[in-house]
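Work through the exercises below with the model open in a viewer. Each task is followed by a solution in steps.

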Amino acid sequence: MGPGQRPETEGERDLRAERRISGDVWRERIEESLRHGLEAAESVGNREISVFARRFAPDYSGSDTFMGFPFLEDVQRVGEHVAVVVGVPYDTGTTSRAGARYGPRGIRQASRISDGYSFDMGVDLAEALDIVDAGDVFTLPGNIEKSFDQITAAVDHVFGAGTFPVILGDDHSIGFPVLRGLARNVSGNIGIIHLDRHADMNERDYDDLTHGTPWFHATNIPNVPAKNLVQIGLGGWMGLRESIGNARERGTTILTVDDVDTMGVEKTAERALEVAWDGAEAVYLSFDIDSVDPSAAPGTGTPEPGGFTPREALKLLRLVAREGLCGMEVVEVSPPYDVAETTVLLASRAVANVLAELLLHGHLPSRYPMS
Ligand SMILES: [Mn+2]
């Protein structure tokens, strides 16, 4: 209860939560910056600032890892960490507006405006989570199959080492090679929670694999059954009919934006979790930024008016993360079409929300007590 007899507000709870954050990681970041970056000029009163910006750097400086998390130079050592950010700069799978190859760079840059603390979630990601940024997968813009092999190898490596992968995309074609990398390391079935305006379930798009084809091929993997694929936010005027036919035939679960309106975000999340976890051992989250309305997320390859508000999407992402996830991706972020960093900022917040929710519910280990 709050002061007097009324129920405690979220704000009051969050004020208490902040006290549990240790600050150890922040101090280490400062010490390392001072060791490597020289002590600041005498006139600078704040002695935590160094001459050369190192790990403690202002958000406008050039150092670009996600939220300023440590860069992992040697990916052989990824297994020493709980979670890892992996960029996939790639857009050869786009069929309309290209530019998603700049997605990872844009998301990282926008993420730097935060150093990892959220008041209303009561979580400091930098303090709580042992997470590193491994940089980008080396993709080959001229060849989709070779790029897919590179992506599968990267996901297989980090997930096989026991580290939670956060994939910054890229166009949605990577859904298939990412699942291929995960599926090798899971003995049971993997469910997929997929937020999108499009079904992305063609066998071929034009004549090739594109960002319209990932789930057709992913659900051909024996332990990635279509019955555990739930697709949320579909609608508008760009859904390829072949995809819809394939979704019907294979028995995926589709919830439109109107369904979410009618059911509410909480019931939608419940339904999504039921479907994705039905007999599954793990669940993967695929967040296509175009599931959010283009007024709030204009920087994307195939915008479709009528999508979620950022508040709906962020809440839905939190709710579906509560039962745990084996990894996540944010895709279709195309900075060249963005306006005032709206889209890249939202993408970075989506990642942060999911990571914080996983920590709060004990699905990723925290370095300080969450309650
Ligand atoms: Mn889409």
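Ala340 is found in the loop between strand 10 and helix 11. The model is a predicted one, and the exercises begin with this loop residue.

**Exercise 1. Two positive phi values**

Task: Find the phi angle of Ala340 and decide whether the residue is buried or exposed.

Solution:
- Step 1. Phi of Ala340 is near 50°, which is positive although the residue is not glycine.
- Step 2. Within 10 Å there are 9 other C-beta atoms, and a residue with 12 or fewer is exposed, so Ala340 is exposed.
- Step 3. Leu38, in the loop between helix 2 and strand 1, also is a non-glycine residue with positive phi, near 70°.
- Step 4. Leu38 has 12 C-beta neighbours inside 10 Å and therefore counts as exposed.

**Exercise 2. A buried loop residue**

Task: Met67 sits in the loop between helix 2 (24-37) and strand 1. Determine its burial class and its contacts distant in sequence.

Solution:
- Step 1. Met67 counts as buried because it has 23 C-beta neighbours inside 10 Å, the threshold being 20 or more.
- Step 2. Once neighbours within four places in sequence are set aside, the contacts of Met67 are Ser111, Arg112, Ser114, Asp115, Gly116, Leu125 and Ala126.
- Step 3. Take Ser111 from that list: 44 residues separate it from Met67 along the chain, while the two C-alpha atoms are 5.0 Å apart.

**Exercise 3. The order of the sheet**

Task: Write down the strand order of the eight-stranded sheet and identify its edges.

Solution:
- Step 1. The order is 4-1-5-10-9-6-7-8, in an open sheet with parallel pairing.
- Step 2. Strand 4 (131-136) and strand 8 (253-256) each pair on one side only, and these are the edge strands.
- Step 3. From one strand to the next, the twist averages 15°.
- Step 4. At the strand 8 edge, strand 7 (residues 229-234) pairs with strand 8 in parallel through four bridges, with Ile232 opposite Leu255.

**Exercise 4. Strand 5 and its surroundings**

Task: Explain why strand 5 is described as largely enclosed, and list its bridge partners at Val166.

Solution:
- Step 1. Five of the five residues of strand 5 are buried, so the rest of the structure largely encloses this strand.
- Step 2. Burial holds on both faces: Phe164, Val166 and Leu168 lie on one side, Pro165 and Ile167 on the other.
- Step 3. Strand 1 runs parallel to strand 5 and is joined to it by five bridges; Val85 has Val166 as its bridge partner.
- Step 4. Strand 10 pairs with strand 5 in the parallel sense over three bridges, and Met328 in strand 10 stands opposite Val166.
- Step 5. Beyond the strand, a cis peptide bond joins Gly169 and Asp170, with omega about 0°. Asp170 belongs to the loop between strand 5 and helix 6.

**Exercise 5. A helix across the sheet**

Task: Which strands does helix 3 lie across, and what covers its buried residues?

Solution:
- Step 1. Helix 3 (residues 103-111) lies across strand 1 (83-87), strand 4, strand 5 (164-168) and strand 10 (327-331). Its direction is at about 105° to strand 5.
- Step 2. Eight of its nine residues are buried, so helix 3 is largely enclosed by the rest of the structure.
- Step 3. The buried residues of helix 3 are Gly103, Pro104, Gly106, Ile107, Arg108, Gln109, Ala110 and Ser111.
- Step 4. Their cover includes strand 1, strand 4, strand 5, strand 10 and helix 11.

**Exercise 6. The nonpolar core**

Task: Name the members of the largest nonpolar core that touch the most other members, and the element that gives the most residues.

Solution:
- Step 1. The core has 98 residues, and those touching the most other members are Val84, Val86, Ile190, Val330 and Leu355.
- Step 2. Helix 11 (residues 342-360) gives the most to this core, 13 residues.
- Step 3. For Val84, contacts beyond four places in sequence include Leu72, Ile131, Val158 and Val166.

**Exercise 7. A helix pair**

Task: Describe how helix 5 (residues 144-160) and helix 6 (residues 175-183) meet.

Solution:
- Step 1. Their axes come within 8 Å and cross at roughly 35°, in a right-handed crossing.
- Step 2. On helix 5 the meeting residues are Phe148, Ile151, Thr152, Val155, Asp156 and Phe159; on helix 6 they are Phe176, Pro177, Val178, Arg180, Gly181 and Leu182.
- Step 3. By type, the contact comprises eight nonpolar, two polar and two charged residues.

Methods
Residues numbered from 1 in each chain as written. Predicted model: local features only at pLDDT ≥ 70, side-chain atom pairs only at ≥ 80, totals over all residues. Axes fitted to C-alpha atoms, helices over the stretch in contact; angles between N-to-C directions. Helix = DSSP H or I, 4+ residues; strand = E, 2+ residues; numbered from the N terminus. Left-handed = near helix turned anticlockwise from the far one by under 90°. Contact = placed C-beta atoms within 7 Å. Nonpolar A, V, L, I, M, F, W, Y, C, P; charged D, E, K, R; others polar. Core = buried A, V, L, I, M, F, W, Y, C linked by C-beta atoms within 7 Å. Pairing = 2+ DSSP bridges.
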